[in-house]
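Biologist: Before I trust the labels, walk me through how each one is earned. Please show me the structure.

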Amino acid sequence: MRNIKLTIEYDGKDFKGWQKQPNKLNIQGEIEKAIENITGEKVELIASGRTDAGVHAMGQVANFKTNSNMPIEKIPIAINSQVKNSIRIQNAEEVDENFHSRFNCKKKTYRYVIDNSKYGSAIYRNISYHMPIKLDVEEMKKAIKYFEGEHDFKAFKSSGTSSKSSVRTIYKADIITEGTNIAIDLTGNGFLYNMVRIIAGTLVDVGLGKIKPDDIPEIIASKDRTKAGKTLPPHGLMLLNVVYD
């Protein structure tokens, strides 16, 4: 039995998220069907984590077990020939039989992109959130650093999360600007339900002058969801990469 690790890129716009669900278009189900068509085996594709409806990925990681002896370099070509163009397998490698995409994950980086132009973009409208009001990026850069470190992020999670603990560690939090685009990058050991989108919404409030940068520690300490910003839409969010070393 071989254990195959896939690196997957997808445009989440047309999907109801990663997770397999009956009668709903999802990424896991589409790739599993493709693998079954290729190998004749029903497999379970285990991801590093689920992404919600509308969320994108540049470097999602998933693994599956197979008895197929198809050469490893042919697997991406074969799967890509069976799935929609909005899903691309970018790499496949054979890994140790004990490798588990979710349990072995050490770090993930998410990016939330805000288009801060006046009129928005026709080309990039599905991968960025349009905010036409000018944001104070320097204030946002001061605020984001307060999220680094280990904190209880209860104020930054939506109800419905299955996690028992809301304590997470953010190793790195940055804001990168390119033209009128503002990218919020967060690297952590894990993220709560809607956590990145709520942090991004809170940083927008900072950029609008509704919240001061040095209010962030108090909001974190409050563990009160009502004190943080709104949950920004899913289409601005992307899973950039997953680290296992």
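Modeller: Start with a cut-off: buried means under 20% relative accessible area, exposed means over 50%, and partly exposed lies in between. Keep in mind that this is a predicted model.

Biologist: Why is D174 called partly exposed?

Modeller: D174 has a relative accessible area of 23%. Partly exposed runs between 20% and 50%, so D174 is partly exposed.

Biologist: What makes D174 and K145 a salt bridge?

Modeller: The cut-off is a side-chain nitrogen of Lys or Arg within 4 Å of a carboxyl oxygen of Asp or Glu. For D174 and K145, the N to O distance is 3.0 Å. The pair therefore counts as a salt bridge. D174 is in strand β8, while K145 is in the loop between α3 and β7, 29 residues apart. K145 is partly exposed, at 41%. Both residues belong to a network of salt bridges with E148 and K172.

Biologist: How many salt bridges are there in the whole structure?

Modeller: A search finds 14.

Biologist: How do you know that E94 and R2 form one?

Modeller: Their closest N and O atoms are 3.1 Å apart. The limit is 4 Å, so E94 and R2 qualify as a salt bridge. E94 sits in strand β4 and R2 in strand β1, so the pair ties together parts that are 92 residues apart in sequence.

Biologist: Is R2 buried or exposed?

Modeller: R2 has a relative accessible area of 15%. Buried means under 20%, so R2 is buried. Its partner E94 is partly exposed, at 47%.

Biologist: What about R111 and D185: which parts does that pair tie together?

Modeller: The side chains of R111 and D185 meet in a salt bridge, 2.7 Å from N to O. R111 lies in strand β5 and D185 in strand β9, so the pair ties together parts that are 74 residues apart in sequence. D185 is buried at 10%, whereas R111 is partly exposed at 26%.

Biologist: Why is R197 called buried?

Modeller: R197 has 12% relative accessibility. That is under the 20% cut-off, so R197 counts as buried. R197 is in helix α4, residues 195-207. Beyond its neighbours within four places in sequence, R197 is in contact with residues including D52, Y112, K230 and L237.

Biologist: Why are α3 and α4 called oblique?

Modeller: The two helices pack at about 135 degrees, with their axes 8 Å apart. Roughly perpendicular covers 65 to 115 degrees, and roughly antiparallel is over 145. An angle of about 135 degrees fits neither, so α3 and α4 are oblique. Their crossing is right-handed. E139, M140, A143 and I144 of α3 make the contact with L203, V204, V206 and G207 of α4. By class, the contact has six nonpolar, one polar and one charged residues.

Biologist: What makes the phi of N23 worth a remark?

Modeller: Most residues other than glycine have a negative phi. N23 is not a glycine, and has a positive phi of about 60 degrees. N23 lies in the loop between β1 and α1. At 83%, N23 is over the 50% cut-off, so N23 is exposed.

Biologist: And where is K223 found?

Modeller: K223 is in the loop between α5 and β10. The phi of K223 is positive too, near 55 degrees. K223 has 42% relative accessibility, which means partly exposed.

How values were computed
Residues are numbered from 1 along each chain as its sequence is written. This is a predicted model: local features need pLDDT of at least 70, side-chain atom pairs count only at pLDDT 80 or more; totals for chains, interfaces and linings use all residues. Side-chain values use heavy atoms; hydrogens and water are left out. Helices (H or I, at least four residues) and strands (E, at least two) are DSSP runs, numbered from the N terminus. Buried means under 20% relative accessible area, exposed over 50%, partly exposed in between (1.4 Å probe, protein chains only). Contact means heavy atoms within 4.5 Å. Axes are lines fitted to C-alpha atoms, for helices over the stretch in contact, and angles run from 0 to 180 degrees between N-to-C directions. A crossing is left-handed if the near helix is turned anticlockwise from the far one by less than a right angle, and right-handed if clockwise. Ala, Val, Leu, Ile, Met, Phe, Trp, Tyr, Cys and Pro count as nonpolar, Asp, Glu, Lys and Arg as charged, and the others, Gly among them, as polar.
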